[in-house]
Amino acid sequence: MSPPDGSFTPTARSQVRRRPQRGHYDEAAVYGVLDAGIMAHVGYVIDGQPFVTPTAYWREDRKLYWHGAAASRMLATVAEGAPVCVTVSFLDGFVVGRSGITHSLNYRSVMAFGRARLVSDLADVRAAMDAFIDRLYAGRPLKLRPTTDDELRRIALVEMEIEEASAKIKDTGVTDLPADDAWAAWCGVFPVETRIGAPLPEPGMGSGGPPTSDLAPYAEGTRLDSALTAAAQAYGLPVST
């Protein structure tokens with residue numbers, strides 16, 4: 001049976017097997033996790049040896065982008081069309097039970113599968129890198145010194161169409177087991193968050209003063225995932241709220 005519009009079709013490689021009730025294949029769930037993050041881990045194989053490389057990424061519709069130095073072995077490998085698995089995850093809480101078996105974690109994660117390609121046209125690289133800045137800080141590229149062609153040639157940029165993706169999300173309390181009833185040990189959840197700190201202007205550089213409007217999502221005290229989601233919305237990406 002085909003999935004509804006706006007969903008990814010799970011296969012053996014993307015189907016959530018353990019606790020399938022936590023699996024989600026709709027774009028809203030997948031994009032909600034992807035757009036709340038900035039760091040991904042890219043899994044690939046070189047000569048039979050698996051590697052996982054952490055990297056910054058961004059999304060445009062069903063495409064993921066990441067970049068690095070032009071001499072990067074990872075980028076050279078995946079740009080040749082090698083199968084890639086891109087993962088993004090968040091730790092949202094420690095779940096503390098009255099028995100060891102009921103301790104767990106709350107989390108959000110996505111696994112996205114596809115084959116990447118090198119973006120080689122310099123104009124396309126420039127547009128994509130401007131889009132990366134714009135996606136994080138809407139309107140900021142207009143305020144910046146333009147990137148030179150020589151600077152762009154030092155970059156390798158890859159684009160991956162998401163062929164399959166699954167999100168897995170756990171946001172629960174403590175599992176209640178009858179065998180735990182006689183135990184008075186404390187149980188509950190410790191929420192885990194990453195928040196934006198106070199801005200630290202670079203002395204003697206830039207215009208000074210408070211951060212400008214393009215940096216508004218990153219106000220002190222804001223949750224990082226909320227800030228990145230707000231930045232994606234400001235950029236115009238449809239995201240899950």
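How many of the eight residues of helix H1 (residues 27-34) are buried? Six of the eight are, so H1 is mostly covered (buried means under 20% relative accessible area, exposed over 50%, partly exposed in between, with a 1.4 Å probe and protein chains only).

## Model and confidence

This is a predicted model, in which local features need pLDDT of at least 70, side-chain atom pairs count only at pLDDT 80 or more, and totals for chains, interfaces and linings use all residues. Residues are numbered from 1 along each chain as its sequence is written, and side-chain values use heavy atoms, with hydrogens and water left out.

The protein chain has a mean pLDDT of 90 (the predictor's confidence in each residue, from 0 to 100). In that chain, 97% of residues reach 70 or more. Among its elements, strand E1 (residues 23-24) has the lowest mean pLDDT, 78. Strand E9 (residues 188-191) has the highest, 97. Helices (H or I, at least four residues) and strands (E, at least two) are DSSP runs, numbered from the N terminus.

## Helix H1

The buried residues of H1 are Ala29, Val30, Tyr31, Gly32, Val33 and Leu34. They pack against E1, E3, E4, E5, E6 and strand E8 (164-170) (contact means heavy atoms within 4.5 Å).

## Strands E2, E3 and E4

Strand E2 (residues 39-46) and strand E3 (residues 49-60) run antiparallel. Eight bridges join them (two strands pair if DSSP finds at least two bridges between them). Ile46 has Gln49 in E3 as its bridge partner. E3 also pairs with strand E4 (residues 63-69), again in the antiparallel sense, over four bridges. Here Glu60 stands opposite Lys63 in E4.

In a regular strand the side chains alternate between the two faces of the sheet.

## The two hairpin turns

E2 and E3 form a hairpin with two residues between them. Asp47 lies in the loop between E2 and E3. Its phi is near 50°, a positive value in a residue other than glycine. Asp47 counts as exposed because its relative accessibility is 81%.

The hairpin of E3 and E4 also has two residues between the strands. Asp61 sits in the loop between E3 and E4. Its phi is positive, near 55°, and Asp61 is a residue other than glycine. At 53% relative accessibility, Asp61 counts as exposed. Most residues other than glycine have a negative phi.

## Helix H5

Helix H5 (residues 224-235) has 12 residues. From first C-alpha to last, H5 reaches 16 Å, close to the 16 Å expected at 1.5 Å a residue (the expected span is 1.5 Å times one less than the number of residues). Gly236 follows H5 and has a positive phi, near 110°.

Asp225, Ala227, Leu228, Thr229, Ala231 and Ala232 are buried in H5. What covers them includes strand E5 (83-96), strand E6 (104-118) and helix H3 (122-136).

## How H3 meets H5

Two packed helices are described by the angle between their axes and the distance between the axes. The axes of H3 and H5 come within 7 Å and cross at roughly 120° (axes are lines fitted to C-alpha atoms, for helices over the stretch in contact, and angles run from 0 to 180 degrees between N-to-C directions). That makes H3 oblique to H5 (angles under 35 degrees count as roughly parallel, over 145 as roughly antiparallel, 65 to 115 as roughly perpendicular and the rest as oblique).

On the H3 side, the residues are Ala131, Asp134, Arg135 and Leu136. They meet Leu228, Ala231, Ala232 and Tyr235 in H5. Of these H5 residues, Leu228, Ala231 and Ala232 are buried.
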